[in-house]
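Reader: Hi! I'm just starting to learn how to read protein structures. Could you take one part of this one and walk me through it closely?

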Amino acid sequence: MTHTFPENFLWGASISAHQTEGAYQTDGKGLSVQDTRPRDNHEIADFTVAVDHYHHYKEDIRLLAEMGIKIFRFSIAWTRIFPAGRGEINQKGLQHYSDVIEELLKYGIQPYITLNHFDLPQALEDEGGWSVRSTVDAFKRYAETLFEAYGDRVTHWLTINEPNIMLLVDKKILGKEIPLQEKYQQFHHLMIAEKYAFKRCHELIEGGQIGPVPNISLVYPATSKPMDNQAALYFNSVRNWAYLDFSCFGRYNAVFKDYLNRNGITIEFAAEDQELMEHNFPDFVAMNFYTTVTVEKPTEKDGMANGISDQQSEDIMEWGFYKGFTNPYLKKNEFNWTIDPDGLKTTLQTLYDRYHLPIIITENGLGAKDELTDDGKIHDSYRINYLNQHIDQCLQAVEAGVDLIGYSPWSAIDLISVHEGISKRYGFIYVDRTEQNEKELTRYKKDSFYWYQTLIETNQLPS
Ligand code: BGP
């Protein structure tokens with residue numbers, strides 16, 4: 001059997017605005033919640049300079065074109081377009097992304113644009129952020145502005161990056177804990193905002209295609225004990241299906257509704273919500289995948305302290321529902337995230353069977369401490385190994401009938417990790433800076449760059 005990917009398979013690479021751009025107050029940009037986020041560890045790089053992709057975008061895109069990617073997934077910083085989240089358009093911000101789009105098209109790279117990746121405008125946060133309905137209206141206006149400005153050149157859009165992870169690990173990503181009742185009102189607003197994006201994209205862009213972009217990974221029961229299986233059912237619903245069922249079926253699923261009821265949570269609906277939910281759907285599902293999660297049913301001895309400290313570790317606890325469990329069959333990376341390539345195939349199959357929509361992977365990758373050698377090389381065989389194993393499972397999923405249309409790993413270029421600064425690198429392209437010293441931000445191609453280049457060229461995994 002040949003191990004070739006389908007012709008037209010969309011090989012890509014991904015980044016987000018705040019983790020790469022820097023220039024956090026340049027050309028009229030306003031502050032986002034990522035710029036103001038309190039850091040528990042001031043020893044790690046913040047987002048003010050990041051890897052200065054804002055000024056290096058031409059060089060970065062040239063390198064990515066050389067690597068051979070067909071699509072580039074990036075996000076737009078809402079605060080470059082509307083510095084205060086709404087109001088007057090900042091023309092310089094709008095022009096910047098127009099230039100980025102032109103640069104990509106020049107090389108025949110198709111943009112896949114995320115509307116919002118964790119960086120809500122601080123001005124909107126000050127008014128209540130996603131807890132208040134007016135943020136949905138501001139988002140709608142922002143999305144329409146992008147569709148109108150770029151829709152003649154950009155047909156493929158992603159809505160809001162990982163709302164599931166953003167809400168579950170609020171402390172780490174947003175810098176504050178959100179009480180449960182408020183968290184799930186935010187869930188509703190985020191999902192309604194997404195529905196508006198589906199609707200307006202389809203109305204404003206001819207041939208426009210749009211999809212949700214949650215982080216999806218299957219949740220395993222720790223044992224074959226029936227109550228562990230029930231714990232997995234609940235966490236699967238709260239972590240994964242609640243989001244995608246809303247996007248793709250237009251409803252709250254029953255397990256999730258029970259979870260809300262048992263927590264005494266009531267969601268407030270606006271008059272138009274039901275109609276909006278039930279009539280606007282995505283064209284594809286984009287998903288981010290790093291690992292799978294394993295849970296068991298908590299018992300009295302676990303205590304009742306709820307919380308999730310890291311999106312991908314086993315430090316998960318919700319009294320009455322589930323508790324993280326160390327899966328003894330899986331290895332971990334140096335940042336304590338388990339590695340489960342087989343789980344990617346199962347996740348893809350489960351997701352495809354549930355929604356029957358084309359799937360594109362918009363994040364997958366290995367965060368590691370890379371070393372730049374004296375002769376300007378980065379020998380990241382561990383990353384090649386990780387990618388190789390996961391891409392192999394993608395191919396197996398395709399061969400098993402999953403309509404997987406593309407793979408766009410994290411990340412195109414080194415960037416500032418959400419949790420660990422620049423020390424945790426994901427890129428195919430190394431950026432020479434340390435946590436505290438920005439140096440010259442020189443770009444170097446890693447070994448994985450050449451490996452991925454060959455893979456794209458041949459459309460198959462090197463044997
Ligand atoms: C995803 C986010 C990305 C990225 C990635 C890796 O959840 O969408 O923005 O950061 O996780 O996470 P980290 O940077 O913590 O290693």
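Author: Happy to! One definition will help us first: a residue is called buried if 20 or more other C-beta atoms lie within 10 Å of its own, exposed if 12 or fewer, and partly exposed in between. Please keep in mind that this is a predicted model.

Let's look closely at helix α11, which covers residues 226–249. How far apart are the end C-alpha atoms of α11? They are only 28 Å apart, although the helix has 24 residues and a straight helix would reach 34 Å at 1.5 Å a residue. Now follow the helix to W241: a kink of about 55° in α11 is centred there.

Next, consider the surroundings of α11. Of its 24 residues, 17 are buried, so the helix is largely enclosed by the rest of the structure. Just after α11 comes G250, whose phi is positive, at about 70°.

Then there is a neighbouring helix to meet, α12, made of residues 254–262. The axes of α11 and α12 come within 9 Å and cross at roughly 105°. An angle from 65 to 115 degrees counts as roughly perpendicular, so α11 is roughly perpendicular to α12. Which residues make the contact? From α11 there are L233, Y234, S237, V238 and A242, and they meet V255, F256 and Y259 of α12. Sorted by class, this contact has 7 nonpolar residues, 1 polar residue and no charged ones. A general point about helices is handy here: an α-helix has 3.6 residues a turn, so residues three or four places apart point the same way.

You met a positive phi at G250, so here are two further positive values, in residues other than glycine. F118, with a phi of about 65°, sits in the loop between β3 (110–116) and α6 (122–126). Is F118 buried or exposed? With 23 other C-beta atoms within 10 Å, F118 is buried, because 20 or more is the cut-off. L441 has a phi near 55° and lies in the loop between β16 and β17 (443–445). Around L441 there are 18 other C-beta atoms within 10 Å, so L441 is partly exposed.

One last backbone detail concerns a peptide bond. W410 and S411 are joined by a cis peptide bond, with omega about 10°. S411 is in the loop between β15 (404–407) and β16 (429–431).

Methods: Residues numbered from 1 in each chain as written. Predicted model: local features only at pLDDT ≥ 70, side-chain atom pairs only at ≥ 80, totals over all residues. Helix = DSSP H or I, 4+ residues; strand = E, 2+ residues; numbered from the N terminus. Axes fitted to C-alpha atoms, helices over the stretch in contact; angles between N-to-C directions. Parallel < 35°, antiparallel > 145°, perpendicular 65-115°, else oblique. Contact = placed C-beta atoms within 7 Å. Nonpolar A, V, L, I, M, F, W, Y, C, P; charged D, E, K, R; others polar. Expected span 1.5 Å × (residues − 1). Bend = angle between axes of the 7 residues up to and from the residue.
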